[in-house]
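Please open the structure in a viewer and keep the selection tool at hand. The stops below proceed from helix packing to enclosed space and then to local backbone features.

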Amino acid sequence: MAVTNIKIERFSVISSKPFDAVVAAIKASVGQPDMAEFAKAIRSAPSFVELEPAVSAALSSIGLMLFMELDHGAILRKESGHDTPKIVRLVIGNPLIMKEMAKHVPDAGSYAPVTILVDERPEGVRLSYDRMVSFLAPYENAEALAVARDLDSKIENLLLESV
């Protein structure tokens, strides 16, 4: 049995824009494929040569796509009966980027695609992201860390442009 301790770096930024505008800005910047069709295309690709264009077609110009949106706030609002809090978890990534990390560090598959958490607080709308490089640092693999740094840069730029 093995246990690895991982120190996580969280990147956060606050926006003064309304919650819905921030979420819309993020979603407008990433591909939003029909996930059932996307999964079918991936499964039916007989090789990487056929898989790569199917993935690329699902990506936005910044090379990312939305895998899933989880409205955590909806659950909390059911209990309170109020229209707050607003909390959304966006699962975003690129299978080709994940591949490049996982071929060096298989555990990268536990962390990719990544989570962007958007939540409304008294000081504004907070956008948070746990840096991939911090997840992969304990594995000390230079190739995976280089890919992780590039991914972190993409995600952090996305958040900064969405505020």
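In which sense, left-handed or right-handed, does α5 pass α7? The crossing of α5 with α7 is left-handed; here a crossing is left-handed if the near helix is turned anticlockwise from the far one by less than a right angle, and right-handed if clockwise. This is a predicted model, in which local features need pLDDT of at least 70 and side-chain atom pairs count only at pLDDT 80 or more, while totals for chains, interfaces and linings use all residues. Residues are numbered from 1 along each chain as its sequence is written, and side-chain values use heavy atoms, with hydrogens and water left out.

**Stop 1: α5 against α7**

Select α5 (95–102) and α7 (residues 142–162). Helices (H or I, at least four residues) and strands (E, at least two) are DSSP runs, numbered from the N terminus. The axes of α5 and α7 come within 8 Å and cross at roughly 150 degrees; axes are lines fitted to C-alpha atoms, for helices over the stretch in contact, and angles run from 0 to 180 degrees between N-to-C directions. The two helices are therefore roughly antiparallel to each other. In this scheme, angles under 35 degrees count as roughly parallel, over 145 as roughly antiparallel, 65 to 115 as roughly perpendicular and the rest as oblique.

Next, display the side chains of I97, E100 and M101 in α5, which meet A144, V147, A148, L151 and K154 in α7. Contact means heavy atoms within 4.5 Å. The residues of this contact comprise six nonpolar, no polar and two charged. For these classes, Ala, Val, Leu, Ile, Met, Phe, Trp, Tyr, Cys and Pro count as nonpolar, Asp, Glu, Lys and Arg as charged, and the others, Gly among them, as polar.

**Stop 2: α1 against α7**

Keep α7 selected and add helix α1 (residues 19–29), whose axis comes within 9 Å of that of α7 and crosses it at roughly 135 degrees. This pair is therefore oblique, and α1 passes α7 in a right-handed crossing. On the α1 side, V22, A25, I26 and S29 meet L158, L159 and S162 in α7. By class, the contact has five nonpolar, two polar and no charged residues.

**Stop 3: α3 against α5**

Return to α5 and add helix α3 (residues 48–58), which packs against α5 at an angle of about 130 degrees with the axes 9 Å apart. That makes α3 oblique to α5. Select F48, L51, E52, V55 and S56 in α3 together with P95, L96 and K99 in α5, which they meet. Five nonpolar, one polar and two charged residues form this contact.

**Stop 4: the cavity**

How many cavities of 30 Å³ or more does the structure hold? There is one. On a 1 Å grid over the protein atoms alone, a cavity is a set of points where a 1.4 Å probe fits but cannot get out, and a pocket is an open set with protein on both sides within 12 Å along at least five of seven lines; lining residues have an atom within 4 Å of a point. Grid points are joined across faces, edges and corners, and a volume is the space filled by probe spheres set on the points.

The largest cavity encloses about 40 Å³ of space. To find it, select I92, G93, N94, I97, M98, M101, A112, P113, V114 and L151. The largest share of this lining, three residues, comes from α5. Eight lining residues are nonpolar, two are polar and none is charged.

**Stop 5: the pocket**

The largest pocket holds about 150 Å³ of space. Its lining consists of R10, R89, V91, Y111, P113, V114, T115, L117, S128, Y129, D130 and F135. β3, β4 (114–121) and β5 (124–130) each give two or more residues to it. The lining divides into seven nonpolar, two polar and three charged residues.

Centre the view on L117, in strand β4. The C-alpha atoms of L117 and L127, ten residues apart along the chain, are separated by 5.7 Å.

**Stop 6: backbone features**

P113 sits in the loop between α5 and β4, and the peptide bond from A112 to P113 is cis, with omega near 5 degrees. A cis peptide bond also joins T84 and P85, with omega about 5 degrees; P85 lies in the loop between α4 (72–80) and β3. Finally, select E140, in the loop between α6 (132–136) and α7. Although E140 is not a glycine, its phi is positive, at about 50 degrees.
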